[in-house]
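Biologist: I'd like to go through this one with you, a bit at a time. Could you start with the packing and then take my questions?

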Amino acid sequence: MSNLYNRDSILEVLVFMRLIKKLWLSMKTFTDKRRNASSDGGNSGFKMKQLPFMGVICSVTLYIVYRTTNYQYYETQMETKLHPFDSVEDNELPSGKLKDLPRGIMHTRSDLELRPQWRKSLRSAVKVKTNKNLLAMPVGIKQKEHVDDVVKKFRTENFTIVLFHYDGKVDGWWDLDWCDKAIHIVAHNQTKWWFAKRFLHPDIVSTYDYIFLWDEDLGVEHFNPGRYLEIVKSEGLEISQPALDPNSTEIHHRITIRSRMKKFHRRVYELRGKTRCSNISEGPPCSGFVEGMAPVFSRAAWRCAWHLIQNDLVHGWGMDMKLGYCAQGDRTKNVGVIDREYIVHKGIQTLGGTGELTKKTKKKRGTSSGSSGLDPRAEIRRQSTWELKIFKERWNQAVIQDKDWIDPFPRQQRRRKHKRQSKFVDLYD
């Protein structure tokens with residue numbers, strides 16, 4: 001853009017110099033004619049006196065027109081850069097199927113903002129306030145209180161709210177003051193990833209800077225969306241999540257646990273347990289990793305992540321291990337966990353269950369699954385495990401088939417020279 005501006009600036013100077021030259025020639029012509037017309041009458045003298053004035057007016061007018069056109073050109077260039085989906089290029093049209101429409105009428109952008117059916121003033125329709133960030137959650141009526149707490153936090157920061165109702169009970173939400181300002185989508189017994197794949201297409205949410213795709217069983221007493229995004233932006237994180245309170249009911253990966261002494265962290269060191277993370281460990285779940293319960297995506301990262309979601313694999317198992325490929329660069333730098341703004345994972349199981357007891361609580365109380373002998377939670381876990389296997393197979397097959405694709409994070413086989421690594425004072429980095 002800067003090169004284009006410099007080139008056009010030179011052209012602008014050349015054009016202006018030509019205008020000055022024309023003005024000088026006009027003045028010279030006037031002087032010569034005045035000398036030759038000294039014997040003419042009054043009318044001829046009057047016409048000759050108008051020549052320099054008209055020359056100046058024409059030159060100034062031409063210059064003003066040129067400057068105005070030039071300014072409009074640069075405004076158009078900047079709008080195209082800032083809002084690329086507003087303009088339609090030939091290669092953006094799907095296989096020429098939209099050739100029947102004039103280009104100027106095609107509007108390639110959309111959003112999830114609510115629009116009134118009428119306005120008091122027609123002029124007010126020109127500018128519609130659009131929120132910059134989006135919160136989308138799968139919700140059930142039994143978690144209404146938890147969801148209310150979350151939405152209130154995000155509403156104060158002017159987020160657009162989208163609720164995916166998996167139980168179909170939308171009427172029970174209308175007593176909340178923010179309910180009519182949210183978007184409600186209903187589909188019985190569907191998962192968060194099923195909803196996201198169908199209703200959060202990148203072109204629809206392209207107006208939002210960040211997309212929060214959260215579960216409903218999260219406590220936000222110690223979380224502020226505005227301060228969270230300040231850290232995300234300052235550290236250049238494309239994919240992130242708030243850290244989990246150590247007292248959360250369910251914690252699956254060490255990297256998601258909050259560090260009290262840090263603002264955020266990108267990796268974790270753990271020398272105990274099944275998964276060990278040392279200073280030579282690369283990739284998830286030691287670094288470049290967030291879990292699927294509360295991910296936050298930048299606009300660019302979500303465009304990639306949406307394509308990673310498999311249309312028929314609704315539980316999303318295995319995706320979290322591959323999200324680093326959507327980090328718009330080095331996943332060890334562009335993916336992080338925010339410690340200063342953290343949440344509590346309550347571990348409330350809703351899919352296939354009552355939405356009231358956690359799995360651990362059920363085991364402790366010995367809750368039965370019913371007289372039919374079918375345990376919905378067990379069936380869902382079996383389905384999720386099968387989907388994880390399918391996802392891994394598809395990934396491996398895609399890598400083999402795409403000869404042009406180069407893995408930006410190849411596994412580096414490193415052997416330890418010593419069985420014991422140096423001790424780490426801090427578990428986080």
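**A walk through the model**

Modeller: Let's start with helix α4, whose buried residues are Lys192, Trp193, Trp194, Phe195, Ala196 and Lys197. Buried here means under 20% relative accessible area, exposed means over 50%, and partly exposed is in between, with a 1.4 Å probe and protein chains only. Helices (H or I, at least four residues) and strands (E, at least two) are DSSP runs, numbered from the N terminus. This is a predicted model, so local features need pLDDT of at least 70 and side-chain atom pairs count only at pLDDT 80 or more, while totals for chains, interfaces and linings use all residues. Residues are numbered from 1 along each chain as its sequence is written, and side-chain values use heavy atoms, with hydrogens and water left out.

Biologist: How many of the eight residues of helix α4 are buried?

Modeller: Helix α4 covers residues 192-199 and is largely enclosed by the rest of the structure. Its buried residues pack against β1 (133-139), β2, β3, β4 (210-213) and α6 (299-308). The number buried, out of eight, is six.

Biologist: Which residues of strand β3 point to one face and are buried?

Modeller: Side chains alternate along β3, residues 183-186. His184 and Val186 point to the other face and are not buried. The buried ones are Ile183 and Ile185.

Biologist: Which residue stands opposite Ile185 in β3?

Modeller: Strand β2 (residues 159-165) runs parallel to β3, and four bridges join them. Two strands pair if DSSP finds at least two bridges between them. Opposite Ile185 stands Phe164.

Biologist: On to the rings: what is the angle between the planes of Phe154 and Phe159?

Modeller: Rings of Phe, Tyr and Trp (its six-membered ring) pair if their centres lie within 6.5 Å; planes under 30 degrees apart count as stacked, over 60 as edge-to-face and the rest as tilted. The structure holds 19 aromatic pairs. Phe154 and Phe159 form an edge-to-face one, 4.8 Å centre to centre, and both residues are buried. The angle between their planes is 85 degrees.

Biologist: Which residues do ring pairs link into a cluster?

Modeller: Phe154 and Phe159 belong to it. The full cluster is Phe154, Phe159, Phe212, Trp214, Phe223 and Tyr228.

Biologist: Why is the pair of Trp395 and Trp405 called edge-to-face?

Modeller: The ring centres are 6.0 Å apart. Trp395 lies in helix α9 (residues 376-401) and Trp405 in the segment after α9, so the pair ties together parts that are ten residues apart in sequence. Trp395 counts as buried at 18% relative accessibility, while Trp405 is partly exposed at 32%. The pair is edge-to-face because the planes are at 85 degrees.

Biologist: Which residue has its charged end over the ring of Trp306?

Modeller: A charge sits over a ring if NZ of Lys or CZ of Arg is within 6 Å of the ring centre and within 35 degrees of the ring normal. Arg331 does this over Tyr325, 5.6 Å from the ring centre. Over Trp306, at 3.7 Å from the centre, sits Lys197.

Biologist: Now salt bridges: which residue does Lys263 meet in one?

Modeller: A salt bridge is a side-chain nitrogen of Lys or Arg within 4 Å of a carboxyl oxygen of Asp or Glu, and the structure holds eleven. This one is 3.3 Å, N to O. The pair links distant parts of the chain, 28 residues apart: Lys263 is in the loop between β6 (239-244) and β7 (264-265), and its partner is in helix α5 (residues 225-235). That partner is Glu235.

Biologist: How far apart are the closest N and O atoms of Arg382 and Glu379?

Modeller: Both residues lie in helix α9, three residues apart, about one turn of the helix. Glu379 counts as partly exposed at 37% relative accessibility. The closest N and O atoms are 2.7 Å apart.

Biologist: And what pLDDT does the protein chain average?

Modeller: pLDDT is the predictor's confidence in each residue, from 0 to 100. At least 70 is reached by 66% of the residues, whereas residues 412-429 stay under 50. Where pLDDT is low, the predicted coordinates should not be read in detail. The chain average is 78.

Technical notes: Contact means heavy atoms within 4.5 Å.
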